[in-house]
Amino acid sequence: MERAGLRFLGRRVTGEDLTMIQEIVTSCVGLTRMELASTVCELLGWRRRSRSLKARECREFLEKLEERGLLQLPAKRAGRPMGRRTEVPVTEGGNAGAVIQGRAHDVGRLKLELVRSDEARRLFRELVGRYHYLGHAVPFGAHLRYLIYAERPQRNVVAWRIAVRDEWIGWDEDTRVRNLQHIVNNSRFLVLPWVEVKNLASRILSEAARQIVVDWKQYYGVEPLLAETLVDPRRYRGTCYRAANWIDVGFTSGLGRQDRRRSGGEVAPKTVLIYPLAADAAERLRES
């Protein structure tokens, strides 16, 4: 089909843009149409003046590309809007367990299991919804979720993590658009409240940083170079991140989509902590 003359909301879509869109749709297996649209918007910088993603318009644009035979989208399916709070199940499996105490080496080997099955997704949603102060929300764009198990005293879920791509780096706009896909954002991390094991959180973060490089490449065909997280300084100091050698680079401006609480998208400033996933991460992220 003819590729010339493609435009998104008046903006010319180049051949390079189209190739990236096609690669995202082909490689991000399992994402919904809206999740694909959000991912495309993140990578191509398709945002409103408020900095929110033009995801809904992008989904319609992707469907037009499909009509022209330029790509094939997943079948339409019912789903909850991204970023919205979801109904949290309450089951016996999500109830508080016996208190686990000791030091990190006492729990034996840790196993990070990707959330894939319906049963694991329900457990993840329940644990995050019941025990994380931000609750559970449908994530934006490409993401991986983990249930983290400790080997001793018996196999138990002790924590969970969501990896979602977001923006952080001091680069020019063109380079940001090209390289944003190499940053992953940790939007939820919590050790279950009945797990009182010293240094366990920092150990989990260290192992997760290694695992995410492998899994992200496998699932999305992209090498992550930098991990970031936002910590609410009114509640936490980010001690476990610092112990795992994450770097404090300052605060957000108080404007953003993540965990918004007030109209206009304003949120309380958050501490920004980053962790290079490659020795030369900063240099490679600045490459054009």
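The buried residues of helix H3 are covered by elements that include strand E1 (7–8), helix H1 (15–27) and helix H2 (33–44). This is a predicted model.

**Helix H3 and its cover**

Which residues of H3 are buried? They are Ala55, Cys58, Phe61, Leu62, Glu63 and Leu65. Glu63 stands in this list beside Phe61 and Leu62. H3 covers residues 55–67, 13 residues in total. At 1.5 Å a residue, the helix should span 18 Å. Its end C-alpha atoms are 18 Å apart, so the span agrees with the expected value. Gly69 follows H3 and has a positive phi, near 80°.

**H1 against H2**

Two of the covering helices also pack on each other. Packed helices are described by the angle between their axes and the distance between the axes. For H1 and H2 the angle is about 140° and the axes are 10 Å apart. Their crossing is right-handed. On the H1 side, the contact is made by Asp17, Met20, Ile21, Ile24 and Val25. H2 contributes Leu36, Thr39, Val40, Leu43 and Leu44. By class, this contact has eight nonpolar, one polar and one charged residues.

**A buried loop residue**

Val107 belongs to the loop between strand E3 (100–103) and strand E4 (110–114). Is Val107 buried or exposed? Its relative accessible area is 2%, so Val107 is buried, the cut-off being under 20%. Beyond its neighbours within four places in sequence, Val107 is in contact with Ile100, Ala150, Glu151, Arg152, Val197, Leu200 and Arg203. Val158 is 51 residues away from Val107 in sequence. In space, the C-alpha atoms of Val107 and Val158 are 10.0 Å apart.

**Two asparagines with positive phi**

Most residues other than glycine have a negative phi. Asn199 has a positive value, about 70°, although it is not a glycine. Asn245 also has a positive phi, near 75°. Both sit in loops, as the table shows.

| Residue | Phi | Loop between | Relative accessible area |
|---|---|---|---|
| Asn199 | about 70° | strand E8 (195–198) and helix H6 (200–220) | 42% |
| Asn245 | near 75° | helix H7 (239–243) and strand E10 (247–251) | 59% |

How does accessibility class these two? At 42%, Asn199 is partly exposed. Asn245, at 59%, counts as exposed because the cut-off for that class is over 50%.

Note on methods:
Residues are numbered from 1 along each chain as its sequence is written. This is a predicted model: local features need pLDDT of at least 70, side-chain atom pairs count only at pLDDT 80 or more; totals for chains, interfaces and linings use all residues. Side-chain values use heavy atoms; hydrogens and water are left out. Helices (H or I, at least four residues) and strands (E, at least two) are DSSP runs, numbered from the N terminus. Buried means under 20% relative accessible area, exposed over 50%, partly exposed in between (1.4 Å probe, protein chains only). The expected span of a helix is 1.5 Å times one less than its number of residues. Contact means heavy atoms within 4.5 Å. Axes are lines fitted to C-alpha atoms, for helices over the stretch in contact, and angles run from 0 to 180 degrees between N-to-C directions. A crossing is left-handed if the near helix is turned anticlockwise from the far one by less than a right angle, and right-handed if clockwise. Ala, Val, Leu, Ile, Met, Phe, Trp, Tyr, Cys and Pro count as nonpolar, Asp, Glu, Lys and Arg as charged, and the others, Gly among them, as polar.
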